[in-house]
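Here is a short tour of one protein model. Keep the sequence and the structure in view as you read.

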Amino acid sequence: MPFIIIGIILAIIVIVAIANIRIVPQAQAYIVERLGTYHSTWHTGLHFKIPFFDNIRNKISLMEKIADFEPQDVITKDNVKMRIDTVVFYQITDCKLYTYGVENPRNAIENLTATTLRNIIGELELDNTLTSRDLINARMRTTLDEATDPWGIKVNRVELKNIIPPKEIQDAMEKQMKAERERREKILIAEGTKAADILTAEGKKQAMILNAEAQKQEQILLAEAEKEARIRRAEGEAEAIIQIQQATADGIKLINEAAPSDAVIAIKSLEAFEKAADGKATKIIIPSNLQSLAGLATSVKEFVSDQTHAE
């Protein structure tokens with residue numbers, strides 16, 4: 001009987017011991033209290049909790065968290081009311097401060113985000129609010145990170161997910177955007193027309209240049225042809241003159257070699273005089289030695305008669 005009781009007690013002890021073994025998963029941490037006060041922080045691995053003395057107060061995820069809050073009503077410096085939707089990315093860096101620093105960390109971050117956003121937007125006008133998202137995000141992240149340090153929270157990023165201006169502002173913005181689109185379309189059409197006109201003018205200019213170049217080439221070719229023709233004619237005339245002079249020189253040479261008598265020369269002179277007096281010339285120049293020529297003609301006649309009787 002005592003052995004049974006001891007066995008039962010040992011079995012209960014083993015069951016209780018096994019029940020108090022804890023394995024902390026990756027990227028998590030456990031806050032352990034002993035007798036109601038903070039004792040330690042368990043990180044990844046195997047841990048043993050003393051029964052009835054130790055208590056796991058909080059199981060905390062160390063991964064980055066995303067807090068997507070409802071749109072907040074804010075008023076700009078120029079008294080324009082709008083709604084802004086924010087998203088906060090934060091991570092727990094100190095589990096003890098996160099557990100004991102604030103009652104409801106997420107609710108605290110939401111309220112802190114709303115007040116910080118109102119303060120920043122209240123310093124900006126509507127146009128700056130719509131165009132300065134990066135500036136607003138940076139200022140909010142810096143402010144929230146400093147404010148959440150006592151809570152063991154690190155704010156990594158803050159993003160303005162959506163900015164919703166009033167309906168009348170939206171209508172005005174849409175009209176402005178429509179007018180801007182129409183203005184850009186007109187500018188594009190005008191630029192297209194201008195480009196087409198420039199291309200047309202450039203085409204006409206190129207055509208005129210090509211036409212002028214063609215006419216210039218034509219004139220050059222014609223001038224070159226005329227020049228070549230004149231050169232050929234001049235060369236032909238020079239060649240003819242050379243040949244005539246050569247023939248004359250050859251004739252004179254032959255006459256000199258034949259040694260003509262005075263009678264032959266006289267006959268040739270009379271033949272030349274006959275050609276000059278054929279009635280075609282308007283003026284006839286009679287040599288001053290006409291009588292000597294007559295005497296010469298008589299001698300020639302006698303010479304011809306003698307040649308005839310001799311034959």
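## A pair of rings

Tyr38 is partly exposed, because its relative accessible area is 30% and the partly exposed class runs from 20% to 50%. Keep in mind that this is a predicted model.

How many aromatic pairs does the structure hold? It holds 1 aromatic pair. The partners are Tyr38 and Tyr100. Their ring centres are 6.0 Å apart, and their planes meet at 85°. That makes the pair edge-to-face, since planes over 60 degrees apart get that name. Tyr38 belongs to strand S3, residues 37-42, and Tyr100 to helix H2, residues 95-100. The pair therefore ties together parts that are 62 residues apart in sequence. Tyr100 is also partly exposed, with a relative accessible area of 35%.

## A neighbour in the strand

His39 also lies in strand S3. Is His39 buried, partly exposed or exposed? His39 counts as partly exposed, at 39% relative accessibility. Along the chain, His39 and Asp54 are 15 residues apart. In space, 8.3 Å separates their C-alpha atoms.

## A charge over a ring

Next, look at Arg157 and Phe89. The charged end of Arg157 sits over the ring of Phe89. The distance to the ring centre is 4.4 Å.

## The nonpolar core

In soluble globular proteins, nonpolar side chains tend to be buried together. Here the largest nonpolar core has 32 residues. Which of them touch the most other members? They are Ile84, Val88, Leu117 and Ile136.

Several elements each supply at least two residues of this core. The strands are S2 (28-34), S8 (81-92) and S9 (153-164). The helices are H2, H3 (105-121) and H5 (133-148). Helix H3 gives the largest share, 6 residues.

## The largest pocket

About 190 Å³ of space lies in the largest pocket. Helix H4 (126-131) and helix H6 (167-258) each supply at least two residues of its lining. Which helix gives the most? H6 does, with 6 residues.

The lining includes Leu126, Asp127, Leu130 and Thr131. Also among the lining residues are Ile169, Ala172, Met173, Gln176, Met177 and Glu180. By class, 6 lining residues are nonpolar, 2 are polar and 2 are charged.

## Loops with a positive phi

Most residues other than glycine have a negative phi. Ala27 has a positive phi, near 65°, and is not a glycine. Ala27 sits in the loop between strand S1 (21-24) and S2. Ala27 is partly exposed, with a relative accessible area of 24%.

Asn79 is not a glycine either, yet its phi is positive, about 60°. Asn79 is found in the loop between strand S7 (72-75) and S8. Is Asn79 buried or exposed? Asn79 counts as exposed, at 68% relative accessibility.

Val80 lies in the loop between S7 and S8. Val80 has a relative accessible area of 12%, so Val80 is buried; the cut-off for buried is under 20%. Val80 and Gly122 are 42 residues apart in sequence. Their C-alpha atoms are 9.7 Å apart in space.

How values were computed
Residues are numbered from 1 along each chain as its sequence is written. This is a predicted model: local features need pLDDT of at least 70, side-chain atom pairs count only at pLDDT 80 or more; totals for chains, interfaces and linings use all residues. Side-chain values use heavy atoms; hydrogens and water are left out. On a 1 Å grid over the protein atoms alone, a cavity is a set of points where a 1.4 Å probe fits but cannot get out, and a pocket is an open set with protein on both sides within 12 Å along at least five of seven lines; lining residues have an atom within 4 Å of a point. Grid points are joined across faces, edges and corners, and a volume is the space filled by probe spheres set on the points. Helices (H or I, at least four residues) and strands (E, at least two) are DSSP runs, numbered from the N terminus. Ala, Val, Leu, Ile, Met, Phe, Trp, Tyr, Cys and Pro count as nonpolar, Asp, Glu, Lys and Arg as charged, and the others, Gly among them, as polar. Rings of Phe, Tyr and Trp (its six-membered ring) pair if their centres lie within 6.5 Å; planes under 30 degrees apart count as stacked, over 60 as edge-to-face and the rest as tilted. Buried means under 20% relative accessible area, exposed over 50%, partly exposed in between (1.4 Å probe, protein chains only). A charge sits over a ring if NZ of Lys or CZ of Arg is within 6 Å of the ring centre and within 35 degrees of the ring normal. A nonpolar core is a set of buried Ala, Val, Leu, Ile, Met, Phe, Trp, Tyr and Cys residues joined through side-chain atoms within 4.5 Å.
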